[in-house]
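Work through the exercises below with the sequence and the model open. Each task is followed by a solution in steps.

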Amino acid sequence: MSRTLHATTRRTRIGATLIAGASALLLAACAGSPAAPEDDPSAAPADLTDVTLTLNFLAGGPNSGFMVAQEKGYYEEAGLNVTIQEGQGSGSTASLVAQGNSEFGFADGPSAMTVASQGGDLVNIGQILQTNGFSTMSLADQGIEEVADLAGKSVGVQPGTAQSSLFDALLAANGVDKASVEVVNIDPSALVGSLLQGSVDAITAGADSQGVQLREQGADINEIMYRDAGVPTVGLSMITARSYAEENPELVSAFVEASLRGWDDARNDPAEASAIVAEQFPQGADTEAIEKQLAVDIELLCSAGSEGLGKVAPETWQETYDLLVEYLDLPTNEPIEFYYTNDYLPEELPAC
């Protein structure tokens, strides 16, 4: 029997109903627990602890390592029954976790920091994408090759997303007056179409998402990565409520270690990882597109000075903090160490 049935909750897109019935859950519970020792037939299988992981957005390459950990039984080996659900943006995911509505989340570093700075019960426990994959994208014939070229142009943004929040920092870091740029709020589903149809001159989006979509549709685009233009902030990370971590340190450590195993496998076999994502989240899944997304994300898994997967160097954290203080009014009443902890990382990290 495939490990996909082991504690896997199959979900469709956001808002869809859960399709795994009670009988399937019963079968998964029976199949997914360790067999009783032959010399003790009465021994009961070990109990698994139910937890929920809310992704940053729809399932795809940027969060594929978690589905790999699920498929390969790493969470089960760690004593966890993990339900993976899609998210509606990093800010939304961070708020859900801070409010206790999801034990774990996957969210952009600055988005989680913003929620924590406002009193949210939240801490970053492991950085998967050690630098962000945000960019501004424009059709090549627009001639937008650097941030300064955005002056006098219209730029579509997705309200509430991390790349939208950091757009002001991008402009400021490159000496561009925000008043010279027309910012247009666009629904995520219409972002790519708005650029292709000429409704806006450029968009801010994810290189591993909209960038892939645009190229798949044959668009010749110029892409300016935030990380290369003065805004190299910590990217998508594992988060949890600080109080939850303090009350359940072994459980949190087990979740982090199992997740990193999944991500290590995903980077080593992107084709397999993409197929796993498509199997667990089949509606609208495109294995080839997922693999292209993951190819972008693999380049973001490590940053300068990192000791291994999941652990950003202190210098990168400090640079992120300084950018948010300068451009996004992050309060300075707490040091950068308030926003993250390495306490739940395994002693031996998968190498960068």
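The chain of this predicted model holds 14 helices and ten strands.

**Exercise 1. State what percentage of the residues is buried and how the accessible surface is made up.**

Solution. Buried residues account for 52% of the 352 residues in the chain. The accessible surface amounts to about 14900 Å². Carbon and sulfur atoms contribute 46% of that surface. For the contacts, take those with a separation of 6 or more: 79% of them are between residues 24 or more positions apart.

**Exercise 2. Give the strand order of the five-stranded open sheet and identify its edges.**

Solution. Start with the order, which is β2-β1-β3-β10-β4, with mixed pairing. Next, find the strands that have a single partner: these are β2 (80-85) and β4 (123-127), so each has one side without a neighbour in the sheet. Neighbouring strands of the sheet are turned against each other by 30° on average, direction ignored.

Then take one pair inside the order. β1 (residues 49-54) and β3 (residues 104-108) run parallel and are paired over two bridges. In this pair, L53 is opposite F104 of β3.

**Exercise 3. Determine which strands helices α2 and α4 pack on, and at what angles.**

Solution. Helix α2 (residues 64-71) lies across β1, β2, β3 and β10 (236-240). Its direction is at about 145° to β2. Helix α4 (residues 90-98) also packs on the sheet, where it touches β1, β3 and β10. For α4, the angle of about 145° is taken with β3.

**Exercise 4. Describe the largest nonpolar core and the surroundings of F66.**

Solution. The largest nonpolar core contains 45 residues. F66, M67, F104, I128, F255 and V256 have the most contacts inside it. Helix α11 (residues 249-268) supplies the largest share of this core, eight residues.

Now look at F66 itself, leaving out residues up to four places away in sequence. Its contacts include L53, L55, Y75, I84 and F106. I128, M238, F255, S259 and W263 are also touched by F66. A second core, separate from this one, has 39 residues, among them V115, I224, V231 and Y321.

**Exercise 5. Is strand β8 largely enclosed or open, and which strands does it pair with?**

Solution. Count the buried residues of β8 (residues 202-206), using under 20% relative accessible area as the cut-off. Five of the five are buried, so the strand is largely enclosed by the rest of the structure.

Then follow its pairings. β5 (residues 134-139) runs antiparallel to β8 and is joined to β8 by four bridges. Here F134 is opposite G206 of β8. β6 (residues 154-157) pairs with β8 in the parallel sense over two bridges. In that pairing, G156 is opposite I203 of β8.

**Exercise 6. Locate the disulfide and describe its geometry and exposure.**

Solution. The cut-off for a disulfide is a pair of cysteine sulfur atoms within 2.5 Å. Under this rule there is one disulfide. C302 and C352 form the disulfide, with sulfur atoms 1.9 Å apart. The angle about the S-S bond is -90°, and the link is left-handed.

The pair links distant parts of the chain, 50 residues apart. C302 is in the loop between α13 (287-298) and α14 (314-328), while C352 is in the segment after α14. Finally, check exposure at the one end: partly exposed means between 20% and 50%, and C302 counts as partly exposed because its relative accessibility is 25%.

Key. Residues numbered from 1 in each chain as written. Predicted model: local features only at pLDDT ≥ 70, side-chain atom pairs only at ≥ 80, totals over all residues. Heavy atoms only, no water. Buried < 20%, exposed > 50% of the residue type's maximum accessible area, 1.4 Å probe, protein only. Core = buried A, V, L, I, M, F, W, Y, C linked by side-chain atoms within 4.5 Å. Contact = heavy atoms within 4.5 Å. Pairing = 2+ DSSP bridges. Axes fitted to C-alpha atoms, helices over the stretch in contact; angles between N-to-C directions. Areas by Shrake-Rupley, 256 points an atom, 1.4 Å probe, with all protein chains shown as cover.
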